[in-house]
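Subject: Handing over the structure

Hello,

I am passing this structure on to you. Please open it first, then read my notes alongside it.

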Amino acid sequence: MERIRVETAPIEGQKPGTSGLRKKTEVFMGEHYLENFVQAIWNAIGGVAGKTLVLGGDGRYFNDRAAQVILRMAAASGAAKVIVGRDAILSTPAASHLIRTRQTDGGIILSASHNPGGRDEDFGVKFNAANGGPAPEDLTDRIFAETERVAFYDILSSHDVDLSVEGEVALGDMRVEVVDPVADYASLMEALFDFDAIRALFNSGFTMRFDAMHAVTGPYATEILENRLGAAKGTVLNGTPSPDFGGGHPDPNPIWAKPLVDLVMSSDAPDFAAASDGDGDRNMILGRGLYVTPSDSLAVLAANAHLTPGYSGGLKGVARSMPTSGAVDRVAEAMGLTCFETPTGWKFFGNLLDAGKATLCGEESAGTGSDHVREKDGLWAVLLWLNILAVKSGSVKELMLDHWRRYGRNYYSRHDYEAVDAGRASDMLDALRGGLGDLPGRAFAAGVVSVADEFAYDDPVDGSRSERQGLRIAFENGSRIVYRLSGTGTVGATLRVYLETYSPGPDGLEEAPEEALAAVIASAEEIAGISEHTGRDAPDVTT
Ligand code: G16
């Protein structure tokens with residue numbers, strides 16, 4: 001086996017976004033593209049010599065090839081060991097758990113998350129640090145800087161490692177340990193939740209459907225829900241992962257998981273339903289006749305987590321991304337907990353979790369998680385819901401109504417304008433930014449503006465500051481509009497408009513969200529001139 005040094009040159013545009021580097025698969029398959037980025041990671045973390053890493057991905061097209069390249073590059077640069085999921089498969093939360101439990105120096109996760117997969121679709125690579133969490137901003141900045149000066153990469157010339165068999169093999173001087181991708185993660189879930197109570201719930205006739213969307217959670221959900229918890233066979237739908245996710249878009253929301261939503265709205269509805277995304281870190285929660293928004297889900301979990309074994313000691317604090325609704329804030333206030341508001345991106349929760357300031361975190365983009373790993377975790381959220389339902393023994397709808405009666409309801413929706421011309425999108429935000437100072441005191445259909453600003457975050461743990469994290473307009477009546485550009489798209493710009501209004505109850509708790517939000521939606525257009533700037537008169541995706 002020969003170690004080869006390959007001369008290369010920087011490739012433009014390798015700047016990690018909200019969650020790693022995401023590009024079209026063909027771009028990643030281009031000459032030196034993957035290798036440059038991986039070498040930049042090695043350079044940014046001070047090399048991999050003597051280090052142990054975790055490696056796995058969501059099984060999308062090119063996952064297997066990319067894993068072999070990364071193994072050969074790690075071996076060529078002197079890594080001591082790489083722990084790989086069988087067939088190079090690991091869900092994002094399972095990878096985070098392995099990094100932590102095996103005390104490795106970090107890991108590489110191959111995924112473009114909820115983005116579609118396939119040769120013509122998306123691929124992604126992200127580095128997670130030794131705490132199991134996504135690389136923080138200072139590290140992603142260093143990785144980007146290295147991509148701009150990379151001149152060579154080292155790689156071993158060798159045969160592929162057989163990743164289909166568990167066990168340990170050598171690759172040059174490096175050890176490769178192939179592990180069952182599900183086992184450690186499933187044990188962690190058993191340690192956190194009352195499996196006996198959930199099993200009893202299923203035994204009592206409680207029905208569920210879990211849509212794995214042909215993505216990585218299929219094997220995890222089948223093992224945990226059907227094999228260990230005794231849910232009926234067939235509870236897990238679309239449970240066999242495929243490289244193009246069955247040609248679908250593995251994003252668990254009412255648009256892309258529509259068949260599941262249709263099912264819960266039909267007369268055949270199960271008691272409970274859920275879905276997860278490409279790499280298993282997102283979740284969607286549904287009850288009979290009801291879609292639970294991710295923001296509401298976070299609030300319900302915060303209010304009830306203490307009913308489950310893993311959280312029986314109570315929560316240290318909660319955190320949400322800025323665009324996430326204020327529903328969890330109300331729970332935190334009632335429970336005397338601090339609620340942190342961070343920029344979009346799971347990486348911002350890491351410091352709070354490491355410092356013991358927060359136990360539960362969540363985002364409007366279908367992400368919820370806790371300090372059990374350093375990623376959001378789709379199946380964990382589903383199990384926490386199941387454990388709460390097992391203890392409280394009522395329907396999802398009853399639980400939500402009780403919650404809203406107590407805390408009021410934050411109606412919430414997100415409108416996405418996808419693949420907008422990047423220049424036009426940033427012109428729109430520039431114009432809005434320039435006019436923020438004139439907005440307070442002005443009246444719109446949504447109400448009178450109380451605050452209009454651009455969100456910046458000062459990390460309370462390491463003191464770092466992150467600026468330009470979204471434009472927000474708050475109204476005196478508690479309504480709010482947030483505008484920001486996505487950091488995970490791969491074509492043009494995706495404009496996200498987050499819309500929220502608050503109903504204190506007891507009346508007005510069961511309106512259709514788009515009706516409750518009609519005035520806020522109209523004001524979002526009036527204030528920013530979305531259609532004039534983008535040339536679009538309606539969002540592409542409404543969740
Ligand atoms: C990633 C991040 C999340 C973020 C989401 C959307 O999720 O980990 O923190 O909320 O993207 O980000 P944006 O609005 O910038 O597109 P995932 O599931 O794609 O890894």
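Below is what was found, from the whole chain down to single residues.

First, the ground rules. This is a predicted model, with local features needing pLDDT of at least 70 and side-chain atom pairs counting only at pLDDT 80 or more, while totals for chains, interfaces and linings use all residues. Residues are numbered from 1 along each chain as its sequence is written, and side-chain values use heavy atoms, with hydrogens and water left out.

Overall shape

The C-alpha trace of the protein chain spans about 70 × 60 × 40 Å along its principal axes. Its radius of gyration is 23 Å, which agrees with the value near 24 Å for a compact globule of 543 residues. (That radius is taken over C-alpha atoms; the globule rule is 2.2 Å times the number of residues to the power 0.38.) The secondary structure comes to 18 helices and 27 strands. Helices (H or I, at least four residues) and strands (E, at least two) are DSSP runs, numbered from the N terminus.

Domains

The domain assignment gives domain 1 (2–181), domain 2 (185–407) and domain 3 (409–542). Such bounds come from an automatic or database assignment. The centres of domain 1 and domain 2, over C-alpha atoms, are 28 Å apart. Their contact takes 34 residues from domain 1 and 31 residues from domain 2. Contact means heavy atoms within 4.5 Å.

Where domain 1 meets domain 2

The two domains bury about 2,400 Å² between them, 58% of it on carbon and sulfur atoms. Buried area is the accessible area (1.4 Å probe) that two parts lose on being put together, summed over both. On the domain 1 side, Pro 93, His 97 and His 114 lose the most area to domain 2, together 24% of what that side buries.

Polar links are present too. Between domain 1 and domain 2 there are 12 residue pairs in polar contact, both residues at pLDDT 80 or more. A polar contact is a pair of N or O atoms within 3.5 Å; within protein, one must be able to donate a hydrogen and the other to accept it, and residues adjacent in sequence count only if both atoms are side-chain atoms. Helix H4 (92–101) and strand E6 (122–128) each supply at least two residues of the domain 1 side. H4 gives the largest share, 6 residues. That side divides into 11 nonpolar, 18 polar and 5 charged residues. (Ala, Val, Leu, Ile, Met, Phe, Trp, Tyr, Cys and Pro count as nonpolar, Asp, Glu, Lys and Arg as charged, and the others, Gly among them, as polar.)

Salt bridges

The structure holds 40 salt bridges. The rule asks for a side-chain nitrogen of Lys or Arg within 4 Å of a carboxyl oxygen of Asp or Glu. It finds 1 across the interface of domain 1 and domain 2. Glu 375 and Lys 126 meet in a salt bridge at 2.8 Å, N to O. Asp 160 forms another with Arg 72, with the closest N and O atoms 3.7 Å apart. Asp 160 is in the loop between strand E7 (152–157) and strand E8 (167–171), Arg 72 is in helix H3 (residues 63–76), and the two are 88 residues apart.

One residue to look up

Try Arg 472, in strand E24 (residues 471–475). Its side chain makes polar contacts with those of Asp 453 at 2.7 Å and Glu 341 at 3.4 Å.

Best wishes
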